[in-house]
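Reader: Hey, got a minute to walk me through this one? I'd like to start with the ligand site.

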Amino acid sequence: MDLKSIKDPTFLKDLSIAELEELALEIRKYIIEVVSKRGGHLSSNLGIVELTIALHRYFSNGEKFIFDVGHQSYCHKILTGRAQEFENLRTLNGISGFQNRNESSYDIWEVAHSSTSIAAQAGFLESNTKVISIIGDGALTGGEAFEALNYLATIKKNAIIILNDNNFSISKNVGFIRHALDKLRSTRSYIKLSDKNRKNYRLKSIKNAIKTIFYRPTIFDDMGFKYYGPIDGHNFNELFKYFNYAERQNRPVIIHVVTKKGKGFIPAEEDAVGAWHSTSSFDIKTGARKEAPESKEYFTEALSRYLIKFYDIYQEKLKVVMPAMTYPSNMLELKEHMGKDYIDTGITEPFATSFSSALALSGYYVCLPVYSSFLQRAYDQLFQDIAMQNAHIVIAVDKSGLIPYTGKTHQGLYDISYLKTIPNLKILAPSDANELYNMLNHAFLNYNGPIAIHLPYDILDKKIDFDISNSSYDYKWTKINNIINPKAYLITYSSMVSYLKDMLKKYDIELINANSISPLDEDMLISIKDDNKPIFIYEEAIGDTSLTPSILSFYNNKNININIKSFAYPLDFIGMGSKEELRKSYGLDIESIENKIKELL
Ligand SMILES: Cc1ncc(C[n+]2csc(CCOP(=O)(O)OP(=O)(O)O)c2C)c(N)n1
């Protein structure tokens, strides 16, 4: 069928099971086609196609669906009239890779950070809005999901939670949830076996047999939910049957559905490490993707190489605590190298943060790599558990700065702002590999408190060799262009140093690399004000709350008048697009900055 002609899901009612199966194939094909061009969350979306079709076909009385994280809502978008726009997935002003309230009345909850769906469902239930939450086994490891289950279990109303169990988070799931679900999945074959035994033992009624199957206490029963499952999430008849059971309950229900992550695209089906969970564009025939050239590497790859070397020396004294993002944070090799000393805690940023603090207070060297936007969730733990106790931890703030394609939920433009409010936290922002290694040596070996290192989503100019040794890093900003009598100064940090360097040279502007955001290099600030020349600040951060106000307040406290102009992002939710498109739309690309500077000089 022509997917782009779909206006809403009502047409599903008229399709036979065979036609629904055919539709599932077509939707998969379309998802693969679009993601191969635009990038996106491939495997999760391929796995959930039949389940999404079944939900839209069965529940047609205004029920709303909240897909936890929302990264697996592509089929939902196609069925709710967005197939045409789906071609512009993750582009500037295009369709979001997650559920989005502005896109459709079918999306009532805007998500992308994990484990919030059940809380939202519980909230909407108060106004009798019928919401079905669909949560993955990975998202279920997040603490907020448990807080919500704890609440919802006691509500005496029908509320359906679909547990979409593909036995995978981004990589293999971890912990008790993984084991409990493994047990449930294997118990099912046990039940089938005991069904045969049932005949042998001539159990009297089918009702008793059904009871044996469905009333076995599971963790969910113990919590107070009605539990159905595990059932095959690619089988429409099975899904409809259990939806029917579930909707007749006057209490909260969990339907445990088993699906195959990556279904229909062989490299994704066979993926054991999470390489196809989220992908950049790729060749459909070969599965080939654009990689960084051999001679270069991402900031996180450089970090990973450092930690491998550090581990070779310090062995089990080093612990790396990773909340679920091993593959996207380029830590796969490190994980394999460190074995049990690399601790994947699941989608647990608050837990991982407190846990890291206790490890550090017990005397381990600890590195906690977390995406900038996910670390927002652990602000309290950073403040109270790490900083107040002055725990010696290296927090690697991954995907900091401007983040392309994923949109406002994943922007890394906010970490400088929120980290700056934590009193004894040092915040460093390396601009190249040399500086990164110097800072890491300092943070691990010369310092004894918490340090956050802001790691942009960028490729370093070159791979360099390094030693694990005491460091000369001294929180001093550096002059990059070494201009004798500059016309002005521009302060920036991180990968913005190499972004702006050459353009500034043309105008005799001295570029100052503010590699330490907290503390400030006060000597440098004093030295550059003496000239009374314009001082520009360029930040890939929210200007109102990042380095700019710290500098302004420094000069203000010293009663120094200066001529400052800051270029940075507004206090807003910054959306999707490539980095250059986003920069352009905020007047922060090289050309716009060059024009503004020319006017101001
Ligand atoms: C707070 C938070 N941390 C990390 C992530 C990154 N993330 C996106 S999807 C995902 C895995 C989700 O696994 P699961 O719920 O099992 O869904 P699946 O992709 O397997 O269908 C993770 C870790 C996130 N979205 N939010």
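Author: Sure. One term before we start: a polar contact here is a pair of N or O atoms within 3.5 Å; within protein, one must be able to donate a hydrogen and the other to accept it, and residues adjacent in sequence count only if both atoms are side-chain atoms. Also, this is a predicted model, where local features need pLDDT of at least 70 and side-chain atom pairs count only at pLDDT 80 or more, while totals for chains, interfaces and linings use all residues. Residues are numbered from 1 along each chain as its sequence is written, and side-chain values use heavy atoms, with hydrogens and water left out.

Reader: Cool. What is the distance from the side chain of His71 to an oxygen atom of the ligand?

Author: 2.7 Å, taken from an N or O atom in the His71 side chain. Asp137 also has a polar side-chain atom 3.2 Å from an oxygen atom of the ligand. Glu349 goes for a nitrogen atom of the ligand instead, with a polar side-chain atom at 2.7 Å.

Reader: And how much of the ligand does the protein bury?

Author: 98% of the 580 Å² that the ligand exposes when taken alone. Those accessible areas come from the Shrake-Rupley method with a 1.4 Å probe; for residues, only the protein chains shown count as cover.

Reader: How many residues surround the ligand?

Author: 22, and the closest are Ser44, His71, Ala112, Gly138 and Glu349. To be near the ligand, a residue needs a heavy atom within 4 Å of it.

Reader: What's the split by class in that shell?

Author: There are 9 nonpolar, 9 polar and 4 charged residues. Nonpolar means Ala, Val, Leu, Ile, Met, Phe, Trp, Tyr, Cys and Pro, charged means Asp, Glu, Lys and Arg, and the others, Gly among them, are polar.

Reader: Which domains does the shell draw on?

Author: Domain 1 (3–269) and domain 2 (297–460) each supply at least three residues. The bounds come from an automatic or database domain assignment.

Reader: Switching to sheets. What's the strand order in the one with 7 strands?

Author: E8-E7-E9-E10-E12-E11-E17, an open sheet with mixed pairing. Strands (E, at least two residues) and helices (H or I, at least four) are DSSP runs numbered from the N terminus, and two strands pair if DSSP finds at least two bridges between them.

Reader: Which strands stand at the edges there?

Author: E8 (342–344) and E17 (516–518); each has a single partner strand, so one side of each is left without a neighbour in the sheet. Further in, E9 (residues 365–371) and E10 (residues 393–400) pair in the parallel sense over 6 bridges, with Leu368 opposite Ile395 in E10.

Reader: What about the sheet with 5 strands, what's its order?

Author: That one runs E14-E16-E15-E18-E19, again open and mixed. Strands E14 (478–479) and E19 (564–569) are at its edges, each pairing on one side only. E15 (residues 488–492) and E18 (residues 535–542) run parallel, joined by 3 bridges, and Tyr489 has Ile535 in E18 as its bridge partner.

Reader: Backbone oddities next. Which peptide bonds are cis?

Author: Gly229 to Pro230 is cis, with omega near -5°, and Pro230 is found in strand E4 (residues 226–232). Ser518 and Pro519 are also joined by a cis bond, omega about 10°; Pro519 lies in the loop between E17 and helix H20 (522–529).
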